[in-house]
Structures are given as structure tokens and as C-alpha cells.
Amino acid sequence: MGDDEDKKRLYVGSLSFNTDDDGLKRHFEQIGDVSDARVVTDRETGRSRGFGFVTFYEERDVQKAIDQLDGGELDGRNIKVSRAKPRGSGGGGGGGYGGGRGGYGGGRGGGG
């Protein structure tokens, strides 16, 4: 996904666990043409994690969606709509607590 697509992408939070990809897409199509809508699901259970992403074909629809849909209702929940952070930026990877070198305990524990 390139920089241009990142500019057309929204983060959608506080989703109902009943909202699926199609419902998310239909809701945002009232603003403009949606190229992709995904509800993020748990890998193990397949259940919604309560957030997703929507990508528009046109960048102008992104701010329009934020202005009109942020705080609005979808499937009984007031959703949060904001610009998605570009992929590959920010945190992720590695986690905290010791930088991958043991953290708590560091392999020093009993069992001898």
C-alpha cells in the first residue's frame, strides 16, 4: 500500500462486535466510493476486535467522513472515525520490558 492510499485510509474505532466488513462498507458509502473496508478480527477466535479500516477512492471523502460520521452511530455504537496512521510508522515489533533479552527474570530462575 503506497503513500497515496494511506492518505485515503480511515481508522474506525468502537465498532460493535456485530459489525462486519459489508456493514462497515455500506455505512461509509453514504460519503463516497469505498475501495476497501475491513473489520479487524482476532486470529484465534475470528471475533471482531472492535475496530477497522476504511479506504476511499478519493482523498476528499476522508475529511468528509470524519466530519460527518465521527461520533455517529453504527450498529448501536457511537463510532470513532479518524485518519489512519500510515503503515510501517510508529510502534509495533519487539515489545517492551527488556528489549527481547529476558525482561522479567532473564532466565535466572530456579529449577537447577
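**Core packing, helix α3 and salt bridges in a predicted model**

Val12 touches Leu24, Phe28, Gly50, Phe51, Gly52, Val54, Ile79, Lys80 and Val81, with residues up to four places away in sequence left out of the count; a contact here means heavy atoms within 4.5 Å. The model is a predicted one, in which local features need pLDDT of at least 70 and side-chain atom pairs count only at pLDDT 80 or more, while totals for chains, interfaces and linings use all residues. Residues are numbered from 1 along each chain as its sequence is written, and side-chain values use heavy atoms, with hydrogens and water left out.

The protein chain contains 3 helices and 6 strands, taken as DSSP runs numbered from the N terminus (helices, H or I, at least four residues; strands, E, at least two). Along the sequence these elements follow the order α-β-α-β-β-α-β-β-β. Of the 112 residues in the protein chain, 30% are buried; buried denotes under 20% relative accessible area, exposed over 50%, and partly exposed the range in between (1.4 Å probe, protein chains only). The exposed surface of the protein chain amounts to about 7,600 Å², of which carbon and sulfur atoms supply 41%. These areas come from the Shrake-Rupley method with a 1.4 Å probe, and for residues only the protein chains shown count as cover. When contacts between residues at least 6 apart in sequence are considered, 61% join residues at least 24 apart.

Val12 is also one of the residues with the most contacts inside the largest nonpolar core, together with Leu10, Leu24, Phe28, Val54, Phe56 and Val81. This core has 18 residues, a nonpolar core being a set of buried Ala, Val, Leu, Ile, Met, Phe, Trp, Tyr and Cys residues joined through side-chain atoms within 4.5 Å. Two or more core residues come from each of β1 (9–13), α2 (21–28), β2 (34–41), β3 (48–56) and α3 (60–69). The largest share, 4 residues, is that of α3.

In α3, the buried residues are Asp61, Val62, Ala65, Ile66 and Leu69. Seen down the axis of α3, these residues fall within an arc of 140°, so they line one face of the helix; the arc is that of the directions from the helix axis to the C-beta atoms. An α-helix has 3.6 residues a turn, so residues three or four places apart point the same way. The cover over the buried residues of α3 includes α1 (3–7), β1, α2, β3 and β6 (80–83). On the other side of the helix, Arg60, Asp67 and Gln68 are exposed. Gly71 follows α3 and has a positive phi, near 85°.

Strands β2 and β3 run antiparallel and are joined by 6 bridges; strands are treated as paired if DSSP finds at least two bridges between them. The hairpin of β2 and β3 has 6 residues between the strands, and Gly46 in this hairpin takes a positive phi near 80°. Across the pair, Arg38 stands opposite Phe53 in β3.

Arg38 also takes part in salt bridges, of which the structure holds 4; a salt bridge is a side-chain nitrogen of Lys or Arg within 4 Å of a carboxyl oxygen of Asp or Glu. Arg38 pairs with Asp21, the closest N and O atoms being 3.3 Å apart. This pair links distant parts of the chain, with Arg38 in strand β2 and Asp21 in helix α2, 17 residues apart. A salt bridge also joins Asp36 to Arg38, with the closest N and O atoms 3.5 Å apart. Asp21, Asp36 and Arg38 are thereby linked in a network of salt bridges. Arg38 is partly exposed at 46% relative accessibility, as is Asp21 at 27%, and Asp36 is partly exposed with a relative accessible area of 28%. Elsewhere, Glu58 forms a salt bridge with Arg60, with the closest N and O atoms 3.7 Å apart. Glu58 is partly exposed, at 38% relative accessible area, whereas Arg60 counts as exposed at 63%.

Most residues other than glycine have a negative phi. Ser14, in the loop between β1 and α2, has a positive phi near 65° and is partly exposed at 33% relative accessibility. Asp75 lies in the loop between β4 (73–74) and β5 (77–78); its phi is also positive, near 50°, and Asp75 is partly exposed, with a relative accessible area of 45%.
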